[in-house]
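I opened this notebook to keep track of what I looked up, one entry at a time. I wanted to begin with a single span of the chain and then move on to helices and sheets.

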Amino acid sequence: MEADRGGSRRERWRGLTELSLVRLRNRATRTGPRRTIATVTAVALTIALLVVLTGVALALAGGVAEDTDADVRIAPEDGGTFSSIDGVEEPRLGETSQRSATIREQDGVDHASPVLVETGRLETGDGSDHGPVLLVGVVPDGESRTVAGVPTDGLEPGDPHYADGSYDGVPTGDVVLSEPAADRLDAEEGDELGVPGAHLEGESTHPPLTVTSVEGEDGDSESDVPVALVHLSELQTFAGSGDDELADTILVWGEPDAAASAAADAYPNAAVGPVGNGGPSALFDDGLALATGLLALVVGIAICASFVATTAGMNVDHDRTALAVLESVGVPASGRLGIVALSTVTTAMCGALLGAALGFVGIRVVNVVAGSAVATTHPLFVPYAVGVALLATLIAVPYPLAVASRTSVLEEVSR
Amino acid sequence: MIQRVLRRSSARDSQTGGDSDANTAVRLDGVTHSYGSAGGRLDADRDPTVIALRDVALTCDSGETVGLEGPSGSGKSTILHAIAGLLVPTAGSVEILGTDITRLSDHERTRLRRRHVGIVFQRFHLLPSLSARANVALPLVQAGVPRSTRRERATTLLSDVGLSGRATHLPSELSGGECQRVAIARALATDPDVIVADEPTGELDTETGSTVLELLTDVGSDRAVVVASHDDDTLAITDRVVTLRDGSVMSDGG
């Protein structure tokens, strides 16, 4: 047999990789599942915690509320971290309807809409309370635009209830529900939803809202936050923020430069900037959310690395005889350490994927327990979880490698 | 009946050195080894030194089976480990096919072991998470042999040792005798020139041990085989018995 003479380096590493994976599979399923399960579980729980905390951070950043196809956003300069910590409402923009109208008149601007976000409750026909939803008020223009992750198409163009600031126009009663909101309210298109405690001018009760469409049924929705999109002035009336025409932000569609210029002219002291994609990048726009996310990241990496180092080190210690046998059949140190590293990384990656899944489940559980959307999911959480687990494993892997390199073949084969 | 097809696959240009007699596969000359002194001065100060081998000289030709006998601690296993390159003796030379492996680096020694030495342990030392076939193919992985060739070679060897129906079984699903036969097949995977076996029947009953000895006899027809054992039946299959006591050779060929 002319072994070792014609063998290629690639074939050698391919063989060692196969050997690692086969051993890992058989150990997980047949010969030693408990040790493998311990490692996978440790990583999975850590990553699940990371995903849940990151979901909370993203929700803090207003993730879904920022999910829009607008080009420019105007927000209060002081908005953000500290008012949230103190429990005080964040600053809002005033005279938003008037100034949005001014912005809309500028060249290069297609549309501008104030956006008001309030957490509120809607009642179904049987009067039952299904928990809070995120009420988002906008001024649609008949074009297909997306605010808070929900298309505005289902709303009647304009904002007739505003009536040039008198708020005595006839409410349209339109509401567009995101799929999670429809699920939560158990509502479908054409259903009527009551607004508890809402009154029109003159103390008359606000007529019920009618669900004009449910969005996200095609499965494209990336968020599980229940969103109800309504006309701005109607939400301002529900929320009592109509006197000063308050809104959280103003979104502007059009040529970015023209839109930014028009926005800066209308609100010279506000923060004007391009709109993110409403995903994880929103974290960087909110100090508290960013701090929460970073804290989760650091803690996740530290704990995950500790778990991987400990469990993988124990596994290698238990596997010393096998390493000695590999040495006795001619596998050099590089090959043996490669097998240990690959086994450790593969196990951790399995834990990461399981952890990401558990994290998504955890976010749902947290939202159910909290009774509101305090955490949100995003598809990028999966590669994020895998990346974090990989980084933690790379930090941890020197320990099992050190344990492996200290294995004495003579001690092991002489036992 | 185990098939007697364990002969060398072909005559090879396996002589790695040219100074020794052409037919001498293993040569130990003036080999002395002490434990407790190899870890540096501080370790030497702390640990008492144990002399495992004292000026041992030994040869084994191709086609010859040499038995090592002696009480526990007499140095039998240390000689096998020295031949396999698993340890480097404190003094003396260990030549495998004319190459003094004490002068090689760890990497070179590992490569020489992979190419030229097969090891059979008393306790089999099969990897528990691999099938019998994968265990046999293990030495071929590092040799860079393609997967299909590895499987084919391992299947043939398992068939040769009478385990064709056990290829996919894990070691935990095999008897002791079957495990040792798998271990012998693994030792033959790279078609080595030298086989060392440490108490190959030590864990087996008499009948199973006989089967394993029959295999070793067959294996040794065209290889150098060095067997360490307390067992008279095992030593009876050897061509020559070297008796050891306290690390020294008391008799050679007795």
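**Entry 1: spans listed in a record.** I looked first at residues 288-316 of chain A, where the chain is 100% helix and 0% strand, and I noted that the end C-alpha atoms are 41 Å apart. The model is a predicted one, so I read every value here as computed from that prediction. I had chosen this span because UniProt, in an unreviewed entry, lists it as a "transmembrane region", along with residues 37-61, 337-361 and 381-401 of chain A. I then checked residues 381-401 of chain A in the same way, and found 95% helix and 0% strand, with 29 Å between the end C-alpha atoms.

**Entry 2: helix 10 and helix 11 of chain A.** I reminded myself that two packed helices are described by the angle between their axes and the distance between the axes. For helix 10 (residues 333-370) and helix 11 (residues 381-396) of chain A, I found axes that come within 9 Å and cross at roughly 140°. These two helices of chain A are therefore oblique to each other, and their crossing is right-handed. When I listed the residues that make this contact, helix 10 of chain A gave, among them, A:Thr344, A:Ala348, A:Leu353 and A:Phe360, while helix 11 of chain A gave residues including A:Phe381, A:Ala385, A:Leu390 and A:Thr393. Sorted by class, the contact has 14 nonpolar, two polar and no charged residues.

**Entry 3: helix 2 and helix 10 of chain A.** I stayed with helix 10 of chain A and turned to helix 2 (residues 33-60) of chain A, where the two axes come within 6 Å and cross at roughly 45°. That angle makes helix 2 of chain A oblique to helix 10 of chain A, and I recorded the crossing as right-handed. The contact between helix 2 and helix 10 of chain A has 16 nonpolar, eight polar and no charged residues.

**Entry 4: the six-stranded sheet of chain B.** Moving to chain B, I asked in what order the six strands of its open sheet stand. I read the order as 6-7-8-3-9-10, with mixed pairing. Strand 6 (117-120) and strand 10 (248-252) of chain B stand at the edges and have a single partner strand each, so one side of each is left without a neighbour in the sheet. On average, and ignoring direction, neighbouring strands of this sheet are turned by 20° against each other.

I then looked at two pairs of strands within this sheet. Strand 3 (residues 65-69) and strand 8 (residues 224-228) of chain B pair in the parallel sense over four bridges, and I noted that B:Thr65 has B:Val225 of strand 8 as its bridge partner. Strand 9 (residues 240-245) and strand 10 of chain B, by contrast, pair in the antiparallel sense over four bridges, with B:Leu244 opposite B:Val249 of strand 10. The hairpin of strands 9 and 10 of chain B has two residues between the strands, and in it B:Asp246 takes a positive phi near 50°.

**Entry 5: helix 6 of chain B and its surroundings.** I found that helix 6 (residues 176-187) of chain B lies across strand 6 and strand 7 (194-198) of chain B, and that it runs at about 170° to strand 6. Helix 6 of chain B also packs with helix 7 (residues 206-219) of chain B at an angle of about 10°, their axes being 9 Å apart. The two helices are therefore roughly parallel to each other, and they pass in a right-handed crossing. On the helix 6 side of chain B I listed B:Gly177, B:Gln180, B:Arg181 and B:Ile184, which meet residues of helix 7 including B:Thr208, B:Val212 and B:Leu215. By class, this contact divides into five nonpolar, four polar and one charged.

**Entry 6: the four-stranded sheet of chain B.** My last look was at an open sheet of four strands in chain B, ordered 2-1-4-5, with antiparallel pairing. Strand 2 (50-61) and strand 5 (99-100) of chain B are at its edges with a single partner strand each, so one side of each has no neighbour in the sheet. Strand 1 (residues 24-35) pairs with strand 2 of chain B in the antiparallel sense over eight bridges, and B:Cys60 in strand 2 is the bridge partner of B:Val26.

Notes
Residues are numbered from 1 along each chain as its sequence is written. Chains are lettered from A and ligands numbered from 1 in the order in which they are written. This is a predicted model: local features need pLDDT of at least 70, side-chain atom pairs count only at pLDDT 80 or more; totals for chains, interfaces and linings use all residues. Side-chain values use heavy atoms; hydrogens and water are left out. Two strands pair if DSSP finds at least two bridges between them. Axes are lines fitted to C-alpha atoms, for helices over the stretch in contact, and angles run from 0 to 180 degrees between N-to-C directions. Contact means heavy atoms within 4.5 Å. Angles under 35 degrees count as roughly parallel, over 145 as roughly antiparallel, 65 to 115 as roughly perpendicular and the rest as oblique. A crossing is left-handed if the near helix is turned anticlockwise from the far one by less than a right angle, and right-handed if clockwise. Ala, Val, Leu, Ile, Met, Phe, Trp, Tyr, Cys and Pro count as nonpolar, Asp, Glu, Lys and Arg as charged, and the others, Gly among them, as polar. UniProt positions are given in the numbering used here, feature names are shortened, and annotations may be inferred rather than shown by experiment.
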